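Student: I am new to this structure and would like a close look at a single part of it. Please start from one surface feature and work outwards from there.

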Amino acid sequence: MADFDLDRRTPAGALQTVDRALLVLLAFERTRPDWGVTEVAEEFGWDTSVAQRLLATLAGRGFLVSDPVTRRYRIGPAVLRLGRLWERSGSLELLAGPVLEELCRVTGDTVLFCLPDSFHMRCVAAEEGVAGPLRYYPLVGELYPAHAGATSKSYYAYLPDEQRHRLFRGRPMARFTDRTVTDPDRLEAEFLKVRAQGYAWTVGEYDTGIATVAVPVFLGREPYGSLSLGGAEELFAGAPHDRLDALRHAAQLLEKRLTHPPQRPKPRTRRPRTT
């Protein structure tokens with residue numbers, strides 16, 4: 001079943017059929033990329049006919065595709081379309097914004113939330129630290145190379161080893177400072193260290209004099225992006241340890257908001273005045 005905690009109860013006032021269709025979509029993941037009709041029925045305790053109609057309806061709208069030989073279902077192109085729209089719609093920044101603002105308030109550092117974009121990490125939300133801007137242009141939209149800096153390393157360290165090897169082996173890597181690591185074997189050793197300790201910490205790998213500490217952001221068990229704190233090297237006193245608890249807590253809040261977005265509070269019912 002899904003790696004993240006999935007509440008299968010239909011919320012009060014919601015349409016059961018729609019909710020069931022959404023549960024089916026949420027059941028697909030990297031470790032379970034396809035489902036059969038009987039498997040869906042058994043997983044959710046539904047009649048086979050119900051599972052069949054739900055799967056066929058989702059396939060009819062492009063949210064699933066059916067293998068004509070195995071009769072198993074996989075995620076379809078409509079999901080890809082919505083996924084691309086989601087990352088560029090502003091909804092992501094809306095969910096991440098309060099978490100980044102609070103983390104910036106607690107640490108005083110510049111906060112970045114980044115997602116993978118080819119061989120880079122792309123900043124999708126940011127909050128400037130009290131010491132002033134790291135850039136003299138907007139941070140949102142900035143691309144960070146996959147091999148340089150904690151912002152990238154905290155994400156790529158958690159990719160499956162085979163996938164990471166395909167990305168980094170045999171690829172030319174630019175040197176941005178004298179601390180930039182470009183040797184694939186040394187880089188792989190650093191990725192393994194990041195994964196073992198649960199965070200990445202770099203100084204001057206991408207920008208001279210800038211220190212960065214970052215942790216991965218997960219959706220279930222899948223690495224989704226990275227959350228990082230950055231600032232002038234002297235502000236970190238040579239180590240990131242006094243910031244790790246706040247950073248990890250913020251990453252957990254962000255993961256929760258991405259998998260269970262906060263609900264809009266219901267309006268209070270006004271009581272009629274009595275005379």
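Student: Which residues make the nonpolar surface patch of about 300 Å²?

Tutor: The patch is made by L15, V18 and L22, and its area is about 300 Å². The model is a predicted one, and the values below are computed from it.

Take V18 as the starting point. V18 sits in helix α1, which runs over residues 16-26. Its relative accessibility is 44%, so V18 counts as partly exposed; the class called buried is kept for values under 20%, and exposed for values over 50%. Other residues of the helix are covered: D19, A21, L23, V24 and L25 of α1 are buried. The cover over the buried residues of α1 includes two helices, α2 (37-44) and α3 (48-60). It also includes two strands, β1 (64-66) and β2 (73-75). A general point about helices helps when reading such a list: an α-helix has 3.6 residues a turn, so residues three or four places apart point the same way.

The surroundings of the helix also appear in a record. The UniProt annotation "domain: HTH iclR-type", from an unreviewed entry, covers residues 15-77. Over residues 15-77 the chain is 52% helix and 10% strand. The C-alpha atoms at the two ends of that stretch are 25 Å apart. A domain assignment divides the protein chain into domain 1, residues 16-81, and domain 2, residues 90-259. The C-alpha centres of domain 1 and domain 2 are 35 Å apart.

The loops that adjoin these elements carry charged pairs. In general, side chains of opposite charge can pair when their charged atoms come close. R72 and D34 form a salt bridge, with 3.3 Å between the closest N and O atoms. R72 is in the loop between β1 and β2, and D34 is in the loop between α1 and α2, so the pair ties together parts that are 38 residues apart in sequence. The two partners differ in cover: R72 is partly exposed at 23% relative accessible area, whereas D34 is buried at 18%.

Two further salt bridges can be set beside this one. R105 and E102 meet in a salt bridge with an N to O distance of 2.7 Å. These two residues are three places apart in helix α5 (residues 91-107), which means that about one helical turn separates them. R105 is exposed, with a relative accessible area of 60%, while E102 is partly exposed, at 38%. The other example is E205 with K153, where the closest N and O atoms are 2.9 Å apart. That pair links distant parts of the chain, 52 residues apart: E205 is in the loop between β6 (200-203) and β7 (210-219), and K153 is in helix α6. Both E205 and K153 are buried. Salt bridges that share partners also join R32, D34, E39, R72 and R74 into one network. The whole structure has 16 salt bridges.

Helix α6, residues 150-156, also holds T151. T151 is buried, with a relative accessible area of 6%. Apart from neighbours within four places in sequence, T151 is in contact with L112, C114, M121, T212, A214, S226 and S228.

Another buried residue is D109, at 4% relative accessible area. D109 is in the loop between α5 and β3 (110-117). Not counting residues up to four places away in sequence, D109 touches C104, E127, G129, L229, G230, F236 and R243. D109 and A157 are 48 residues apart along the chain, and their C-alpha atoms are separated by 23 Å.

Last, the setting of these parts in the chain. The secondary structure of the protein chain comes to nine helices and eight strands. Along its principal axes the C-alpha trace spans about 75 × 65 × 30 Å. Of the 275 residues in the protein chain, 40% are buried. Among contacts between residues at least 6 apart in sequence, 56% join residues at least 24 apart. The chain exposes about 16100 Å², and carbon and sulfur atoms supply 53% of that area.

How values were computed
Residues are numbered from 1 along each chain as its sequence is written. This is a predicted model: local features need pLDDT of at least 70, side-chain atom pairs count only at pLDDT 80 or more; totals for chains, interfaces and linings use all residues. Side-chain values use heavy atoms; hydrogens and water are left out. Patches are made of residues with over 30% relative accessible area and no salt bridge: like charges are joined within 9 Å, nonpolar side chains (Val, Leu, Ile, Met, Phe, Trp, Tyr) within 5 Å. Accessible areas come from the Shrake-Rupley method with a 1.4 Å probe; for residues, only the protein chains shown count as cover. A salt bridge is a side-chain nitrogen of Lys or Arg within 4 Å of a carboxyl oxygen of Asp or Glu. Helices (H or I, at least four residues) and strands (E, at least two) are DSSP runs, numbered from the N terminus. Buried means under 20% relative accessible area, exposed over 50%, partly exposed in between (1.4 Å probe, protein chains only). Domain bounds come from an automatic or database domain assignment. Contact means heavy atoms within 4.5 Å. UniProt positions are given in the numbering used here, feature names are shortened, and annotations may be inferred rather than shown by experiment.
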